[in-house]
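Please explain how the parts of this protein chain are held to one another, going through the structure step by step for someone in a first year of study.

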Amino acid sequence: QVQLVESGGGLVQAGGSLRLSCAASGRTFSRNTMGWFRQAPGREREFVAAISASVITVYPTVYADSVKGRFTISRDNAKNTVDLQMRSLRPEDTAVYFCAADRGSLLTASAMRTPDEYDYWGQGTQVTVSS
């Protein structure tokens, strides 16, 4: 059974940093696209960042404009994990953050940004940024 478990959420002041981690089990995702999404109260789930699988050591990444330059997604295939380093956090970053994985490899940035393209989801971890 595939499971994605997020950790690292919490309460932080504006301008601070947090590092989220997603641990996958049940199968290896080294050849699969993985992503982070978030959902604030009363809002739809939105794309944050995604990282592709690649036989090359540098993995293509995609970011939402709102987090570009502040967030960094990375993966450790040996550990079957994907992390999201968040810096310069803002109150508008407050949301539940979800890890997601695709059964295959999404080939376009557009697909990587689309929640419906992902097959597996974690339960989410709360991130709250105070002003």
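Glu-46 has a relative accessible area of 28% in this predicted model, and because that value falls between the limits of 20% and 50%, the residue counts as partly exposed. Its side chain forms a salt bridge with Arg-38, in which the closest N and O atoms are 2.6 Å apart. Arg-38, in contrast to this partly exposed partner, is buried, since its relative accessible area is 5% and buried means under 20%. The pair belongs to a network of salt bridges that links Arg-38, Glu-46, Arg-70 and Asp-93.

As background, side chains of opposite charge can pair when their charged atoms come close. The structure holds six salt bridges, and one of them joins Arg-19 to Asp-83, with 3.2 Å between the closest N and O atoms. Arg-19 is found in strand S3, which covers residues 18–25, while Asp-83 is found in strand S8, which covers residues 81–86, so this salt bridge ties together parts that lie 64 residues apart in sequence. The two partners can also be described by their accessibility: Arg-19 is partly exposed, with a relative accessible area of 42%, whereas Asp-83 is buried, with a relative accessible area of 15%. A further salt bridge is the one in which the side chains of Lys-68 and Asp-65 meet, at 3.3 Å from N to O, and here Asp-65 is exposed, with a relative accessible area of 65%.

Strands S3 and S8 lead on to the sheet. In general, strands of a sheet pair through backbone hydrogen bonds, either parallel or antiparallel. In this structure four strands form an open sheet in the order S1-S3-S8-S7, and the pairing is antiparallel. The edge strands are S1, made of residues 3–7, and S7, each of which pairs on one side only. Neighbouring strands of the sheet are turned against each other by 15° on average, if direction is ignored. Between S1 and S3, which run antiparallel, there are five bridges, and Gln-3, for instance, has Ser-25 in S3 as its bridge partner.

The edge strand S7 can be followed further through Ile-73, which is found in this strand, spanning residues 71–76. Ile-73 is buried, with a relative accessible area of 5%. Leaving aside residues up to four places away in sequence, Ile-73 touches several others, among them Met-34, Trp-36, Ile-51, Tyr-63 and Val-82, and also Asp-83, the residue that forms the salt bridge with Arg-19. The C-alpha atoms of Ile-73 and Ser-21 are separated by 9.8 Å, although these two residues are 52 residues apart along the chain.

Which two residues form a disulfide? They are Cys-22 and Cys-99, whose sulfur atoms are 2.1 Å apart. Cys-22 lies in strand S3 and Cys-99 in strand S9, which covers residues 95–101, so the link ties together parts that are 77 residues apart in sequence. Both cysteines, Cys-22 and Cys-99, are buried, and their link is left-handed, with -75° about the S-S bond. A disulfide is a covalent bond between the sulfur atoms of two cysteines. Strand S3 can thus be met again in several places: it holds Arg-19, which ties it to Asp-83 in S8, and it holds Cys-22, which ties it to Cys-99 in S9.

Notes
Residues numbered from 1 in each chain as written. Predicted model: local features only at pLDDT ≥ 70, side-chain atom pairs only at ≥ 80, totals over all residues. Heavy atoms only, no water. Helix = DSSP H or I, 4+ residues; strand = E, 2+ residues; numbered from the N terminus. Buried < 20%, exposed > 50% of the residue type's maximum accessible area, 1.4 Å probe, protein only. Contact = heavy atoms within 4.5 Å. Salt bridge = Lys/Arg side-chain N within 4 Å of Asp/Glu carboxyl O. Pairing = 2+ DSSP bridges. Axes fitted to C-alpha atoms, helices over the stretch in contact; angles between N-to-C directions. Disulfide = S-S within 2.5 Å.
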